[in-house]
4 protein chains.
Amino acid sequence: MKEKITEASISLFEQKGFSTTTIQDIADSIGATKGTFYYYFKSKEQLLKEIHLEYIIDLLKRQEAIVNDSTSNKEKLHAVIEMLISDIRKNGPRGRVFFREIRHLAEENIRIIKKERDRYRLNIESIIRSGIAAGEFKPNLRSDMVAFAVLGMANYSYNWFQPDGEVEPSELAAIYTSLVLGGIVKENGTPENH
Amino acid sequence: MKEKITEASISLFEQKGFSTTTIQDIADSIGATKGTFYYYFKSKEQLLKEIHLEYIIDLLKRQEAIVNDSTSNKEKLHAVIEMLISDIRKNGPRGRVFFREIRHLAEENIRIIKKERDRYRLNIESIIRSGIAAGEFKPNLRSDMVAFAVLGMANYSYNWFQPDGEVEPSELAAIYTSLVLGGIVKENGTPENH
Amino acid sequence: MKEKITEASISLFEQKGFSTTTIQDIADSIGATKGTFYYYFKSKEQLLKEIHLEYIIDLLKRQEAIVNDSTSNKEKLHAVIEMLISDIRKNGPRGRVFFREIRHLAEENIRIIKKERDRYRLNIESIIRSGIAAGEFKPNLRSDMVAFAVLGMANYSYNWFQPDGEVEPSELAAIYTSLVLGGIVKENGTPENH
Amino acid sequence: MKEKITEASISLFEQKGFSTTTIQDIADSIGATKGTFYYYFKSKEQLLKEIHLEYIIDLLKRQEAIVNDSTSNKEKLHAVIEMLISDIRKNGPRGRVFFREIRHLAEENIRIIKKERDRYRLNIESIIRSGIAAGEFKPNLRSDMVAFAVLGMANYSYNWFQPDGEVEPSELAAIYTSLVLGGIVKENGTPENH
DNA sequence: AATGAATGAGATTTCATTCAT
DNA sequence: GATGAATGAAATCTCATTCAT
């Protein structure tokens with residue numbers, strides 16, 4: 001039941017936004033009563049917090065599994081992008097709620113979540129830095145800004161990408177990886193993208 | 001006074017979000033009363049609509065000036081990115097409200113704004129397409145996905161970039177343009193980007 | 001267990017008041033669940049009723065034992081005051097709940113309790129009346145008002161008297177009896193207060 | 001209107017108790033809406049606080065006027081008792097709310113009110129002490145306990161005394177003063193009280 | 001004897017909006 | 001132009017109570 005409430009809430013938060021979704025909406029959407037909601041959650045905010053925590057913790061775990069892999073930094077970057085994008089099919093709504101509604105958490109919970117989110121970003125930055133050190137990437141990159149660029153690109157796809165549309169998630173991941181690695185300029189002798 | 005209300009509202013919407021900001025908050029923040037607000041605006045939503053319209057119309061106008069320039073597509077892309085990022089200093093808050101709060105407009109207004117926003121995106125897509133046709137960019141690019149990538153990257157900077165920090169807006173624009181044009185991979189014989 | 005619930009409830013009702021204390025509070029305070037509460041009590045009000053009844057019935061029984069004693073009316077009055085005050089140590093919380101929360105009983109139960117409470121008061125009044133008739137007390141006293149005065153004095157002590165403080169209950173009872181019997185004015189030839 | 005709300009609330013709080021009285025009850029009883037209530041009061045508790053403060057501040061002011069009079073301590077005591085009792089006609093309900101509902105204030109407000117209430121009591125104690133020093137009262141009295149006794153007696157009258165009944169307020173005040181000053185015991189040579 | 005899940009009714013509070021002045 | 005009073009609809013949350021197990 002708690003699961004059911006959470007799923008229904010994610011779906012509603014995604015469609016209408018957190019503050020526009022009422023407890024009544026949530027209760028109605030699963031055929032229960034408001035009382036039931038409060039039996040499982042202390043408050044609306046606590047529900048949001050749980051949604052955020054579950055999301056980022058799972059994402060971090062999977063990301064760190066990739067980072068700890070022994071492949072090249074190019075491959076790591078590809079894998080991280082692919083993970084984010086192919087996650088849209090299963091976790092798109094949860095992701096969108098995560099990106100959009102953090103503001104509605106209490107100060108303290110915002111801090112907790114932001115720390116994890118920063119860790120996620122710093123892991124990407126660290127792939128870039130390792131790649132520079134290993135001679136895989138250009139020497140004078142601002143690894144922090146590149147990390148932000150990758151995140152912006154990938155996160156934004158949650159707002160428009162249709163995983164069941166014409167382009168497959170893995171295709172989009174390939175396109176984005178290629179863009180980040182090799183850019184878009186046509187050059188003589190440019191090797192095929194990966 | 002209408003101007004004053006708008007500015008105060010943008011600042012509050014940015015900090016607390018549209019639905020969490022009350023008319024009372026707005027009135028308080030300019031030392032007026034709620035009645036005054038309703039003298040200048042029909043409703044809270046109408047204010048939000050005006051904020052959105054002013055923002056996107058201005059942005060579009062400036063973007064289309066760039067697109068109609070006779071420079072190369074590389075340069076157009078650079079100019080578009082630079083415009084977005086250097087706008088953060090002056091219009092950061094307005095931009096953030098634009099990106100985040102569109103959901104709170106009425107259906108019909110959402111449609112109106114989305115049309116303009118799409119036009120903005122399609123203009124970028126069209127730069128990519130022209131560049132491909134002109135042989136400036138790689139031939140097999142998905143211009144739509146590239147446009148989304150550029151937008152994601154640039155828009156996301158509204159969430160973290162400090163225009164008065166260590167990196168100048170034009171620097172960040174250069175870094176991002178370079179990334180999009182030439183990627184991050186170090187290659188023999190790769191010419192310096194721009 | 002019923003006993004345990006009652007004791008815990010008295011303590012909570014005393015601290016937080018009847019309507020502010022929840023069944024959950026009661027259950028928590030004895031490490032049980034709300035279901036358990038309802039196994040032993042039909043409702044929150046029934047619990048309050050039992051608390052009231054037990055209290056007043058016991059008090060009445062003890063009071064009437066005193067009244068039926070063959071001692072003087074002065075002594076009876078002293079004994080009644082002493083009983084009330086020395087009861088604070090053991091039954092202070094119950095007494096405070098009794099005095100404060102009667103309003104939350106159902107009409108009918110209020111009537112029942114008030115009848116007993118009145119009987120308690122009328123017994124005091126009757127001591128005064130007997131004392132007047134016996135020439136122990138002043139002839140023109142309003143025995144009803146004197147009874148109210150004694151009750152007010154004694155009951156109020158439930159709100160401030162610390163039985164484990166500097167003054168012993170029997171001392172306070174002596175002070176109050178002396179006050180009621182002989183007043184506070186210094187007079188020539190006034191005998192020492194008992 | 002604020003006045004109207006306050007009066008209506010006092011009457012309801014007296015009849016049903018603070019926590020059992022709803023904002024809806026209050027609004028209904030003056031033919032207004034809940035919104036109106038919240039236009040004038042921040043919360044239910046703030047209303048209660050204002051009721052408490054107004055009551056005790058007014059009472060203290062009047063009491064201290066009496067205490068600063070140049071009359072004898074006997075007369076002061078009489079005047080204080082008379083003031084309390086004759087106040088029942090006009091302020092009975094407010095007084096009952098004051099005595100019963102303090103618990104529902106927030107910790108901090110309880111502290112504020114209790115300080116004033118204590119001052120009221122200490123003023124009575126101080127009359128007793130002065131009377132002892134002046135040789136008006138018996139030398140070995142516990143002035144603190146006597147003050148509590150007077151307060152208990154007088155306050156309790158708020159619970160039963162009908163100012164429009166057979167006994168006049170000033171009569172009751174005389175009876176109580178006489179009781180406190182001279183007691184109830186019939187003695188040879190005891191002069192008439194007052 | 002005890003519990004955990006569920007509920008329904010209602011309580012406090014918030015807030016966009018209206019309107020007479 | 002501007003305001004203060006008032007409102008009504010709705011939102012979050014509470015809680016006594018029931019009931020199947």
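Select α3 (34-40) in chain A, chain B, chain C and chain D: each of these helices supplies at least two residues of the surface near DNA strand F. The model is a predicted one.

Next, show every residue around DNA strand F. There are 29 of them, and those that come nearest are B:Thr36, B:Tyr40, D:Thr36, D:Tyr39 and D:Tyr40. On the DNA side, sugar and phosphate make up 73% of the strand F atoms that come within 4 Å of the protein. Colour the surface near DNA strand F by residue class, and 11 nonpolar, 12 polar and 6 charged residues appear.

Now zoom in on the phosphates of DNA strand F, one side chain at a time.

- B:Thr36: a polar atom of this side chain is 2.3 Å from a phosphate oxygen of strand F. B:Thr36 is also among the residues that come nearest to the strand.
- A:Lys44: here the distance from a polar side-chain atom to a phosphate oxygen of strand F is 2.8 Å.
- B:Thr33: an N or O atom of the side chain lies 3.3 Å from a phosphate oxygen of strand F.

Leave the DNA and display chains C and D alone. A turn of 180° with a shift of 0.0 Å along the axis lays chain D on chain C, with an RMSD of 0.1 Å. The two copies are therefore related as by a two-fold rotation axis. To locate that axis, select D:Gly183: its C-alpha lies 1.9 Å from the axis, the closest approach of any residue of chain D.

Finish with the interface residues of chain D. In chain C, 100% of them are interface residues too, so the copies meet through the same surface.

Terms used:
Residues numbered from 1 in each chain as written. Chains lettered and ligands numbered in written order. Predicted model: local features only at pLDDT ≥ 70, side-chain atom pairs only at ≥ 80, totals over all residues. Heavy atoms only, no water. Least-squares fit on C-alpha atoms with pLDDT ≥ 70 in both. Contact = heavy atoms within 4.5 Å. Near = heavy atom within 4 Å. Polar contact = N/O pair within 3.5 Å; in protein donor to acceptor, adjacent residues only side chain to side chain. Helix = DSSP H or I, 4+ residues; strand = E, 2+ residues; numbered from the N terminus. Nonpolar A, V, L, I, M, F, W, Y, C, P; charged D, E, K, R; others polar.
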